Amino acid sequence: MKSPIPDYLKIVLENARAIESGSPASYIETLAKADPSKLAVALATVDGNIYSAGDDRVEFSIQSISKAFVYAIAIEDIGLQGVLEKIGVEPSGDAFNQLSLERGSNRPVNPMINAGAITAHSLVTGATAEERTERILKGLSKLAGRQLHVDEEVYEAELKSADRNMAIGYMLKAAGIISCDPQDVVRGYIRQCAINVTVRDLAIMAATLSNAGVHPKTGERVIPQASVRQVLSVMTTCGMYDAAGDWVSNVGIPAKSGVAGGIIGALPGQVGIATFSPNLDERGNSVRGVAICEKLSRDMGLHMMDVSQIAGATVWTSVATIVAGTHEPHHPNCERDVIIFSLRGAVRFPGSERLSRALVRELGEPDPEDPGSGKYIDACAVVISLRDVYSLSAIAQRMLHENIKRLIADKRSVVIIDPSEVLQMKSADGKPGDALPHIVKTENEARDYIGGAGSSTVLIKDDW
């Protein structure tokens, strides 16, 4: 069995591919030559699982997406209060490269516009642009889980068209916001933006923010939790520039875009998202990327203001051996294993994704890199217990339906324990000929169906 999530992502990409508006960033020579057909999306869960589709291994420059993470590094290096003395947190409503400062304080209005990002770069520990960039490159590489590098061609191209950023640097120096050489700071900022990433890198970086600063794969705390809160707050109100209001309303995920065509979204406690498509709208955001994020948010119930489901969900797996009853002592499933996947609570996307992953791991072909996977591929029946589930979100319900259909397509006997009828799926008893599960209300009914009347089970595994 395969997870339905990659297939869903491919459909989302193909729908977005039909959007032909926008164009690559024209003011940077290298970016202007970007292939507009490139398109990719990735999702990373807070426990480190990554799903991706499209051109997910293609590297592109991180550009302004770096602003969110460098802001976190600056907070780590000089403290939040020190950063707030130099950079505000208010939405600007202006273009990202606007030459303007906050009235009265002379601070850049937020760290997501160029003036604020250049200031944030200057606050990172390091006496020179090279030292600051090395500190930033090391931090971003740790977040991505691999060594990243600077695209020198992009760096040189941006440096040629850096007049406006240089003007911002001198403005900041004149206002007393930065004290070092403006040209040196701007060169370092441009070099930071030229670091290459893939959507898979960005998704796991975003998921680190979603996971309160703990890297989903390594378990290492990369960003202090208080810094994560600050970064996500500013991403929510300022991350999409003067489109931030539309974004919060339509997508509802803290996000940051870059003019190479990347977008990240970090939904606290749930998932990190990344998209890539070079064609930009008039606000500097990827046209297809925005459409993909809107689609994911709607389909998967990811809007942070969606409170239709409350509390969390857990999934665990157990395995039992069928013991035949006296009524059918020679039942064919006697002494065979049954695998049970039990869910609890309010199940949303993360809970349904975890169930999908458990099904694939336990019932799929063994993976040499994952000892124990595929161990129950020969189980005589698959039981999904919804006894302790009190709600399924729309995406959780759809994913569960799809997983069940795939199990049945694999010729597996599927039994659903659903006393509250949260699944809203017909039973095989209701419509002969359809590929449907057998739905019961109690464990006893499930045992009788699988092992014959009066059968029992002996638990042999309970470790998910």
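**Exercise 1. Determine how strand E5 is joined to E6, and how the connection is built.**

Solution. Strand E5 (residues 255-257) and E6 run antiparallel and are joined by three bridges. Strands here are DSSP runs of E with at least two residues, helices are DSSP runs of H or I with at least four, and both are numbered from the N terminus. Two strands count as paired if DSSP finds at least two bridges between them. Within this pair, lysine 256 stands opposite isoleucine 264 of E6. The connection is a hairpin with four residues between the strands, and glycine 261 in the turn has a positive phi of about 115°.

The model is predicted: local features need pLDDT of at least 70, side-chain atom pairs count only at pLDDT 80 or more, and totals for chains, interfaces and linings use all residues. Residues are numbered from 1 along each chain as its sequence is written, and side-chain values use heavy atoms, with hydrogens and water left out.

**Exercise 2. Find the strand that E6 pairs with through six bridges, and describe the turn.**

Solution. The partner is strand E7 (residues 271-276), which runs antiparallel to E6. Glycine 262 has phenylalanine 276 in E7 as its bridge partner. Three residues lie between the strands of this hairpin, in which glycine 269 takes a positive phi near 80°.

**Exercise 3. Decide whether strand E6 is enclosed or open, and check each face.**

Solution. Buried means under 20% relative accessible area, exposed means over 50%, and partly exposed lies in between (1.4 Å probe, protein chains only). Six of the six residues of E6 (residues 262-267) are buried, so the strand is largely enclosed by the rest of the structure. In a regular strand the side chains alternate between the two faces of the sheet. One side of E6 holds Gly262, Ile264 and Ala266, the other Ile263, Gly265 and Leu267, and all are buried.

**Exercise 4. Identify the residues that touch the most other members of the largest nonpolar core.**

Solution. A nonpolar core is a set of buried Ala, Val, Leu, Ile, Met, Phe, Trp, Tyr and Cys residues joined through side-chain atoms within 4.5 Å. The largest has 76 residues, and Leu140, Leu202, Met205 and Leu209 touch the most other members. Contact means heavy atoms within 4.5 Å. Leaving out residues up to four places away in sequence, leucine 202 touches Phe60, Ile62, Ile65, Val197, Ile264 and Ala274. A second, separate core of 29 residues includes Tyr376, Val389, Ala396 and Leu400.

**Exercise 5. Test the length of helix H14 against its expected span, then assess its burial.**

Solution. The expected span is 1.5 Å times one less than the number of residues. For the 15 residues of H14 (residues 349-363) this gives 21 Å, and the end C-alpha atoms are 21 Å apart, which agrees. Eleven of the 15 residues are buried, so H14 is largely enclosed by the rest of the structure. Among the buried residues are Glu353, Arg357 and Glu362.

**Exercise 6. Describe the surroundings of leucine 123.**

Solution. Leucine 123 lies in helix H5 and counts as buried because its relative accessibility is 13%. Beyond four places in sequence, leucine 123 touches Ala74, Asp77, Ile78, Val83, Lys86 and Ile87. Lysine 86 is 37 residues away in sequence, with a C-alpha to C-alpha distance of 9.0 Å.

**Exercise 7. Locate asparagine 106 and alanine 212, and give the phi of each.**

Solution. Asparagine 106 lies in the loop between helix H4 (80-84) and helix H5 (114-123), with a positive phi near 65°. Alanine 212 lies in the loop between helix H10 (199-210) and helix H11 (225-238), with a positive phi of about 60°. Asparagine 106 is partly exposed, at 34% relative accessible area, and alanine 212 is partly exposed at 23%.
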